[in-house]
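Colleague: I am new to this structure and would like a friendly walk through it. Could you show it to me first?

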Amino acid sequence: MGVCSTLRIPAIAFAAAPALPKRMQFGHKFAGKVEFSGSFAQRPAISHVLFDFDGTLSLIREGWPEVMVPMFVEMLPRIAEETDEQRRQLCYDDIMRLNGKQTIYQMIQLAERIKARGAEPKEPLWYKKEYLHRLGERIGSRIEDVRSGRKSREDFVVFGARAALCNLAARGARLYLASGTDEADVKREAELLHLSEFFGPHIYGAKDDYKSFSKKMVIERILRANSISGEQLLAFGDGYVEIENTKQVGGLAVAVASDEANNGAGRIDEWKRQRLLGVGADVVIPDYRDHEPLFDLIFGQGDA
Ligand SMILES: [Mg+2]
């Protein structure tokens with residue numbers, strides 16, 4: 001891949017790194033935090049790798065909960081005996097439980113909550129449009145900043161992700177991208193960040209006909225179209241849907257518990273970590289700084 005041969009991996013993977021913590025769990029190989037759950041085992045047969053987009057590779061939509069949560073709180077009718085904090089927590093939990101699925105499912109959930117409180121909700125699609133409008137106000141300037149060159153696209157790529165993609169491509173893995181964000185937006189943002197070339201035609205996102213797409217369907221299609229078993233699938237995600245779907249077919253799931261507001265800090269987002277371990281993640285990483293030793297281990301080229 002052209003982009004990889006010209007990529008100066010150390011510059012991208014480590015230049016912005018602060019003093020790296022010495023903490024590690026598997027011998028001396030890792031520069032940052034890499035956590036393994038009891039289910040981890042090497043998978044030399046891995047041939048296909050699936051990535052989520054937002055929070056896993058891209059930070060263009062970083063901070064989206066700060067738009068969605070207040071909108072839910074604003075739209076949800078009040079009930080007596082409920083504190084503001086309880087309302088916010090209810091909305092937050094609904095949103096995060098569905099993180100990784102298409103946005104419309106979060107809006108369906110909101111409409112159901114509104115109805116359960118005795119009010120008449122609007123169509124879920126109305127809420128989705130309103131949310132995307134509000135989010136657009138937050139992220140529109142980022143897209144412009146990258147497009148115009150005012151900001152580096154690397155500011156919006158999860159730390160080390162580009163080098164990790166090159167690494168996987170060099171190992172011969174076939175790469176797939178599946179996102180709950182609308183497909184046209186995912187393609188546009190992957191293009192903007194120069195990530196689309198890693199995935200070729202295999203970039204999938206939400207469709208207007210929302211029942212025609214899910215990450216589960218993408219996974220099933222990968223297995224069927226390539227006549228492979230789940231054993232050969234590796235997936236990276238920061239949402240619980242992709243981790244759970246991967247584990248359901250017997251794949252290896254790496255949770256990217258990225259601290260999106262502090263890219264490159266190497267900190268694990270504890271909320272994501274808990275959720276993703278809870279649905280069976282085999283490995284937890286904050287970003288991709290340790291892609292080389294980690295992939296050596298996964299593909300059976302390092303000692304476990
Ligand atoms: Mg995500």
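Modeller: Let us start with one residue: alanine 190 is found in helix H8 (residues 183-192), where helices (H or I, at least four residues) and strands (E, at least two) are DSSP runs, numbered from the N terminus. This is a predicted model, in which local features need pLDDT of at least 70, side-chain atom pairs count only at pLDDT 80 or more, and totals for chains, interfaces and linings use all residues. Residues are numbered from 1 along each chain as its sequence is written.

Colleague: Does alanine 190 count as buried or exposed, and why?

Modeller: A residue is buried if 20 or more other C-beta atoms lie within 10 Å of its own, exposed if 12 or fewer, and partly exposed in between, with C-beta atoms placed from the backbone. Alanine 190 has 22 C-beta neighbours inside 10 Å, so the residue counts as buried.

Colleague: Which residues does alanine 190 touch, not counting residues up to four places away in sequence?

Modeller: Contact here is when the C-beta atoms of two residues, placed from the backbone, lie within 7 Å. One partner is leucine 177, which is 13 residues away in sequence and 9.6 Å away in space, C-alpha to C-alpha. The full set is Phe53, Leu177, Leu195, Ser196 and Ile203.

Colleague: Which residues have the most contacts inside the largest nonpolar core?

Modeller: A nonpolar core is a set of buried Ala, Val, Leu, Ile, Met, Phe, Trp, Tyr and Cys residues joined through C-beta atoms within 7 Å. The largest has 61 residues. Leaving aside neighbours within four places in sequence, leucine 177 is in contact with Phe51, Phe53, Ala190, Phe199, His202, Ile203 and Tyr204. The residues with the most contacts inside the core are Leu50, Tyr176, Leu177, Val254 and Ala255.

Colleague: What is the order of the seven strands in the open sheet?

Modeller: Two strands pair if DSSP finds at least two bridges between them. The pairing in this sheet is mixed, and the order is E1-E7-E6-E5-E2-E3-E4. The edge strands, each pairing on one side only, are strand E1 (35-36) and strand E4 (203-206).

Colleague: Which residue in E3 stands opposite phenylalanine 51?

Modeller: Strand E2 (residues 48-51) pairs with strand E3 (residues 174-182) in the parallel sense, over four bridges. Opposite phenylalanine 51 in E3 stands leucine 177.

Colleague: How many residues of strand E6 are buried?

Modeller: Strand E6 covers residues 252-256 and is joined to strand E5 (residues 233-237) by four bridges, the two running parallel. Leu252, Val254 and Val256 point one way from E6, while Ala253 and Ala255 point the other way, and all are buried. E6 is largely enclosed by the rest of the structure because the buried count is five of the five.

Colleague: Which element gives the most to the side of domain 1 that touches domain 2?

Modeller: Domain bounds come from an automatic or database domain assignment, which gives domain 1 (2-59 + 157-298) and domain 2 (65-148). Their C-alpha centres lie 26 Å apart, and 13 residues of domain 1 are in contact with nine residues of domain 2. The elements giving two or more residues to the domain 1 side are E3 and helix H10 (240-248). With three residues, the element that gives the most is H10.

Colleague: What covers the buried residues of H10?

Modeller: The buried residues in H10 are Tyr240, Val241, Glu242, Ile243, Asn245 and Thr246. Their cover includes helix H9 (215-225), E5, E6 and helix H11 (270-278).

Colleague: Where is glutamate 81 found, and what is its phi?

Modeller: Most residues other than glycine have a negative phi. Glutamate 81 is found in the loop between helix H3 (65-75) and helix H4 (84-97), and this residue is exposed, with 5 other C-beta atoms within 10 Å. Its phi is positive, near 70°.

Colleague: Which loop holds histidine 194?

Modeller: Histidine 194 also has a positive phi, near 60°. With 14 other C-beta atoms within 10 Å, histidine 194 is partly exposed. Its loop is the one between H8 and E4.

Colleague: What radius of gyration does the chain have?

Modeller: The radius of gyration is taken over C-alpha atoms, and the globule rule is 2.2 Å times the number of residues to the power 0.38. For 304 residues, a compact globule would have a value near 19 Å, and the chain agrees with 19 Å.
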